[in-house]
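Visitor: I have a structure to look at and some short questions. Can we go through it together?

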Amino acid sequence: MAAASSSAAACFLSPSPPPPPRHHSIKHLACAASRSPSPGPSSSRSLALPSPSASASPWPWPRRLRDLLPDETGRILSSATGSLIVALASAALILGDAGSASAFVVATPRKLQADELATVRLFQENTPSVVYITNLAVRQDAFTLDVLEVPQGSGSGFVWDKSGHIVTNFHVIRGASDLRVTLADQTVYEAQVVGFDQDKDVAVLRIKAPTDKLRPIPVGVSADLLVGQKVFAIGNPFGLDHTLTTGVISGLRREISSAATGRPIQDVIQTDAAINPGNSGGPLLDSSGNLIGVNTAIYSPSGASSGVGFSIPVDTVGGIVDQLIKFGKVTRPILGIKFAPDQSVEQLGLSGVLVLDAPPNGPAGKAGLQSTKRDSYGRLILGDIITSVNGTKVTNGSDLYRILDQCKVGEKVTVEVLRGDQKEKIPVILEPKPDES
């Protein structure tokens, strides 16, 4: 068996020419039989062929060949079959011995690097927490006058808790008559709006889904982020559900304006991870898979990703979501004024916030701040210019909003204003927005 194995291995693996075929034609067998020696008493395998004259058949050799073929052909075929079995067994033995080392026998599985495995694991573990949100609006058919619900937009969101709360951007759900949330297993649920904060572009929805289908996303911290840190964005760009993009933190403490109110959003995270329309409301994750921000906007003249995306930090989102779930609204303090654009104040050569209107029933009007107005001759009389609040300098509207975000409703603040050529300090008690009271 070992010799057969060696011979089979040499024929299977070496480039030597193949052995001659074992099949013989009838002509070859007849010639071999005619050249065989006369049978002896001790030869049991030799053939005894009578002379042609011993037969009365006019065609003796074909008849004798018919007699010859069954026995001898069977012996030859048996021998050939046995050799074939030995060869196959030898080849199987050789392949069995060399199977672990032969690349052409078993395909080598794809090997991933450690960072690739970590990325794959992060996507698989956090995808069940990301949802697809469809914004439906009511439209009336121009011909039949039938009222229809048609999709007017879509976006992303993520599961906040086991109670079915979903966090997304306000501009994703703005103007919707109906909202639908699609989970990772493609089950669709009707969603109800719990509350929203237009100034920070955050909204909370709720769906009635089994708790075993809800996987809350792990919440991290955004206060200790560093530029250059790797981040991952999961969302539904252009309606393509559950898409992963990677990048780094390009900048911190950026400022953007709310898409709904124009109010600035401070301490925004800038990233070069591809964020496209449909990614809005999706999570921005760190390398541990923890939530560090909510993707909200991009800076792009074309509307597609240009490598400059912005996310609201999770430290800001967390406080807003807690208030929306508990009260259904965000109680944010205001001064109750309307102020001039920053460019107008700069053109006057001044620094601060120019008060255009301070309604008498608002906090600033009650405290005595003066509005901009015209005299009897039509000449413009500038109102108070706010230069600081609680000792913190105010140079533009963003500074004023940033200070108010750190205050609470009912808190008394000291507003320093420039009135004419004189500076005055006026105490003001902050109140909530009228539509949130």
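Visitor: How much area does the chain expose, and what share of it do carbon and sulfur atoms supply?
Guide: The chain exposes about 24,800 Å². Carbon and sulfur atoms supply 56% of that area. Keep in mind that this is a predicted model.

Visitor: What percentage of the residues are buried?
Guide: Of the 437 residues in the chain, 36% are buried.

Visitor: How many helices and strands are there?
Guide: The chain has 9 helices and 22 strands.

Visitor: Where is confidence lowest, and where is it highest?
Guide: Confidence is lowest in helix α2, residues 26-34, with a mean pLDDT of 37. Strand β3, residues 165-168, has the highest, at 94. Over residues 1-66 the pLDDT is below 50. Residues 84-106 also stay under 50.

Visitor: How should I read the coordinates where pLDDT is low?
Guide: Predicted coordinates should not be read in detail where pLDDT is low.

Visitor: And what is the mean pLDDT of the chain?
Guide: The mean is 76, and 69% of the residues reach 70 or more.

Visitor: New topic. Which strand does Gln 192 lie in?
Guide: Gln 192 lies in strand β5, which covers residues 188-197.

Visitor: Is Gln 192 buried or exposed, and why?
Guide: Gln 192 counts as exposed because its relative accessibility is 56%, and the cut-off for exposed is over 50%.

Visitor: Which residues does Gln 192 touch, leaving out those up to four places away in sequence?
Guide: Gln 192 touches Val 204, Leu 205 and Arg 206.

Visitor: How far apart are Gln 192 and Arg 206?
Guide: Gln 192 and Arg 206 are 14 residues apart in sequence, and 5.3 Å apart in space, C-alpha to C-alpha.

Definitions and conventions. Residues are numbered from 1 along each chain as its sequence is written. This is a predicted model: local features need pLDDT of at least 70, side-chain atom pairs count only at pLDDT 80 or more; totals for chains, interfaces and linings use all residues. Side-chain values use heavy atoms; hydrogens and water are left out. Helices (H or I, at least four residues) and strands (E, at least two) are DSSP runs, numbered from the N terminus. Buried means under 20% relative accessible area, exposed over 50%, partly exposed in between (1.4 Å probe, protein chains only). Contact means heavy atoms within 4.5 Å. pLDDT is the predictor's confidence in each residue, from 0 to 100. Accessible areas come from the Shrake-Rupley method with a 1.4 Å probe; for residues, only the protein chains shown count as cover.
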